[in-house]
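Biologist: Could you take a close look at one chain for me and walk me through how its pieces sit together? I'm in my first year, so please go slowly.

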Amino acid sequence: MVNRVVVGAHYGLRDWLVQRVTAVVMALYCVTVAALLLLQSRPGYDAWTGLFSGQPMRTFTLLFLLSLFYHAWIGIRDIVMDYVKPAGVRLVIHVLVILVLLLYVIWSVQILWGM
Amino acid sequence: MKFKIYRYNPDVDAEPYMQDYDLDIEAGDKMLLDAILLLKEQDDSLSLRKSCREGVCGSDAMNINGRNGLACITPLSSLSEPVTLRPLPGLPVIRDLIVDMTQFFKQYHSIKPYLINNDPPPETERLQSPEQREHLNGLYECILCGCCTTSCPSFWWNPDKFVGPAGLLQAYRFIADTRDHATSERLDDLEDPYRLFRCHTIMNCADVCPKELNPTNAIGSIKDLMVKRMV
């Protein structure tokens with residue numbers, strides 16, 4: 001293979017857009033959780049488990065975590081693209097990051113619905 | 001006034017060094033370039049590019065007290081001492097304050113900085129309405145001095161792949177031009193994780209531009225058009 005500077009992968013817009021949308025989801029979730037915590041008259045373990053026992057809160061939390069993982073994927077991929085130059089090593093790291101994030105998704109579902 | 005100037009002559013010096021200069025000059029309404037030219041009379045080995053000395057040619061872009069700018073339109077009175085002058089960051093130094101701008105112009109040329117219009121040329125000019133022409137304001141004034149691109153960390157990191165703010169401003173200048181018919185191809189060309197999307201809105205470009213242009217804004221407009229095209 002010749003060594004050429006190659007650009008023109010024709011993607012990037014969707015990820016850029018997704019990063020913005022997921023940021024909004026995360027911001028909304030943080031504000032919501034902060035508000036719920038402040039409104040809690042007697043904060044403690046019972047209040048916490050009560051909060052996360054309802055389906056809407058669990059679903060919103062999963063949405064938040066999915067947003068976080070997708071957001072993190074784009075950010076970490078950008079860092080790897082900047083710092084890791086050999087394409088082979090980069091591909092391996094990309095795959096590993098994706099696998100770890102997928103594991104986190106499964107783990108999140110287990111935590112949220114396993115209580 | 002005291003000056004500290006980056007010196008490097010690859011034929012003689014093993015590595016770059018900072019040289020101190022003292023110049024008897026009243027700041028008044030003089031510009032930095034006036035002072036550098038007086039210093040050059042003292043020491044004619046001091047090398048820099050300059051031409052129009054009024055902020056139009058963009059030759060004397062340099063790093064002035066840590067900030068990129070044009071020496072010819074930077075008032076001496078605005079500078080704190082010692083005035084530290086370095087070449088533009090992120091590009092190879094040819095000698096002293098002169099950098100090799102090959103990579104910068106390569107990126108500029110990659111966006112096809114000319115009108116693409118396959119219609120037969122009209123008898124007179126290709127006309128625009130005043131409103132259409134209005135869109136080019138803040139874009140066409142770029143003098144390609146390189147202050148913005150060489151202050152951009154994304155360009156420092158990927159100068160071979162990221163077009164950089166100056167090139168992207170020009171890309172939008174042609175996208176925004178109603179006489180250009182290649183908008184779709186231009187957007188296709190920039191839809192790339194490196195060429196456009198290495199911009200992380202750091203905004204050093206808009207901060208340093210000596211013509212007070214805003215490449216970040218132009219980059220945002222390109223992204224807006226891409227979104228509009230996609231949804």
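Modeller: Sure! One bit of vocabulary before we start: two residues are in contact if their C-beta atoms, placed from the backbone, lie within 7 Å. Also, keep in mind that this is a predicted model. I'll stick with chain B.

Let's begin with a pair of helices. Pro165(B), Ala166(B), Leu168(B), Leu169(B), Ala171(B), Tyr172(B) and Ile175(B) in α5(B) touch Pro215(B), Ala218(B), Ile219(B), Ser221(B), Ile222(B) and Leu225(B) in α8(B). Sort the residues of that contact by type and you get twelve nonpolar, one polar and no charged. How do we describe such a pair? Two packed helices are described by the angle between their axes and the distance between the axes. Here, the axes of α5(B) (residues 165-175) and α8(B) come within 8 Å and cross at roughly 50 degrees. That angle is why α5(B) counts as oblique to α8(B). The crossing of α5(B) and α8(B) is left-handed.

Helix α8(B) also turns up somewhere else. Where chain A and chain B meet, the contact takes 15 residues from chain B and twelve residues from chain A. On the chain B side, α8(B) (residues 215-230) gives the most, with four residues. That side of chain B has eight nonpolar, no polar and seven charged residues.

Now for the sheet. Five strands of chain B form an open sheet in the order β2-β1-β5-β3-β4, with mixed pairing. β2 (17-22) and β4 stand at the edges with a single partner strand each, so one side of each has no neighbour in the sheet. On average, neighbouring strands are turned by 35 degrees against each other, direction ignored.

Let's zoom in on β3(B) (residues 61-64). Ala61(B) and Asn63(B) point one way, Met62(B) and Ile64(B) point the other way, and all are buried. In general, side chains in a regular strand alternate between the two faces of the sheet. With β4(B) (residues 67-70), β3(B) pairs in the antiparallel sense over four bridges, and Ala61(B) stands opposite Leu70(B). These two strands form a hairpin with two residues between them, and Asn65(B) in the turn has a positive phi of about 50 degrees.

β3(B) also pairs with β5(B) (residues 83-86), in the antiparallel sense over two bridges, where Asn63(B) has Arg86(B) as its bridge partner. Finally, β1(B) (residues 2-7) pairs with β5(B) in the parallel sense over three bridges, and there Ile5(B) is partnered by Leu85(B).

Conventions
Residues are numbered from 1 along each chain as its sequence is written. Chains are lettered from A and ligands numbered from 1 in the order in which they are written. This is a predicted model: local features need pLDDT of at least 70, side-chain atom pairs count only at pLDDT 80 or more; totals for chains, interfaces and linings use all residues. Ala, Val, Leu, Ile, Met, Phe, Trp, Tyr, Cys and Pro count as nonpolar, Asp, Glu, Lys and Arg as charged, and the others, Gly among them, as polar. Axes are lines fitted to C-alpha atoms, for helices over the stretch in contact, and angles run from 0 to 180 degrees between N-to-C directions. Angles under 35 degrees count as roughly parallel, over 145 as roughly antiparallel, 65 to 115 as roughly perpendicular and the rest as oblique. A crossing is left-handed if the near helix is turned anticlockwise from the far one by less than a right angle, and right-handed if clockwise. A residue is buried if 20 or more other C-beta atoms lie within 10 Å of its own, exposed if 12 or fewer, and partly exposed in between; C-beta atoms are placed from the backbone. Two strands pair if DSSP finds at least two bridges between them.
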